[in-house]
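Here is a quick tour of one predicted model, taken strand by strand and then side chain by side chain. Have the sequence and the coordinates open as you read.

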Amino acid sequence: MIDHTGVNVSDQDAARAFYSKVLEPLGYGLAHEQGPFLGFADSGGLSLGVVRRDPVGGGHVAFRCPDRASVDAFHAAALAAGGQDNGAPGVRAHYHEHYYAAFVHDADGTNIEAVCHEPQ
């Protein structure tokens, strides 16, 4: 099982603002900041590192959500924070019948996803 993951970014200040707004509906907040490292955590602890370093972009991070409303809230928050739509909230039946997800790109092109596997 994955304990934590990270993404590289080109602008730490922009990333701090973006990820703080995008992850808030999912229960994550900025928990640690040291030099080029931003650590985001939920009640289970630190799980996402956002680091200012090259190369940037091209990755994919998916956050598991307890319900579809959380996916919707993530997508709305991401767009409001300047994220680029990469797939509006909806069922992705090609993964499985209850795969409800939304996708956005951050400023560096990282594909950020929120997904709920529960039936509606």
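## Strands and hairpins

Gly39 stands opposite Gly49, which belongs to E4. That pairing sits in a wider match: E3 and strand E4 (residues 45-52) run antiparallel, with six bridges between them. Two residues make the link in the hairpin that joins E3 to E4. A word on terms: strands (E, at least two residues) and helices (H or I, at least four) are DSSP runs numbered from the N terminus, and two strands pair if DSSP finds at least two bridges between them.

E3 has another antiparallel partner to look at: strand E2 (residues 29-34) is joined to strand E3 (residues 37-42) by five bridges. Within that pairing, Leu30 has Phe40 as its bridge partner in E3. E2 and E3 also form a hairpin, with two residues between them, and Gly35 in the turn has a positive phi of about 55 degrees.

Some housekeeping before the side chains. This is a predicted model, so to speak of local features takes pLDDT of at least 70 and side-chain atom pairs count only at pLDDT 80 or more, while totals for chains, interfaces and linings use all residues. Residues are numbered from 1 along each chain as its sequence is written, and side-chain values use heavy atoms, with hydrogens and water left out.

## Aromatic pairs

Rings of Phe, Tyr and Trp (its six-membered ring) pair if their centres lie within 6.5 Å; planes under 30 degrees apart count as stacked, over 60 as edge-to-face and the rest as tilted. By this rule there are four aromatic pairs. One of them is Phe18 with Tyr19, an edge-to-face pair at 5.2 Å centre to centre and 90 degrees between the planes. Phe18 and Tyr19 are both buried (buried means under 20% relative accessible area, exposed over 50%, partly exposed in between, with a 1.4 Å probe and protein chains only).

Why is the pair of Tyr28 and Phe63 edge-to-face? The ring centres of Tyr28 and Phe63 are 5.2 Å apart and their planes are at 70 degrees, so the pair gets that label. This pair links distant parts of the chain, 35 residues apart: Tyr28 is in the loop between helix H1 (12-23) and E2, and Phe63 is in strand E5 (residues 60-64). Both Tyr28 and Phe63 are buried.

Phe40, met above as the partner of Leu30, turns up again here: Phe18, Tyr19 and Phe40 form one aromatic cluster.

## Salt bridges

Now for the charged side chains. A salt bridge here is a side-chain nitrogen of Lys or Arg within 4 Å of a carboxyl oxygen of Asp or Glu. The structure holds three of them:

| Salt bridge | N to O distance |
|---|---|
| Asp13 and Arg16 | 2.9 Å |
| Arg16 and Glu33 | 2.5 Å |
| Asp54 and Arg52 | 3.4 Å |

Through shared partners, Asp13, Arg16 and Glu33 are joined into one network. Asp13 and Arg16 are both in helix H1, three residues apart, about one turn of the helix. Arg16 lies in helix H1 and Glu33 in strand E2, so their bridge ties together parts that are 17 residues apart in sequence.

As for exposure, Asp13 is exposed at 52% relative accessible area, whereas Arg16 is partly exposed at 22%. Glu33 counts as partly exposed at 41%. In the remaining bridge, Asp54 is exposed at 58% and Arg52 is partly exposed at 33%.
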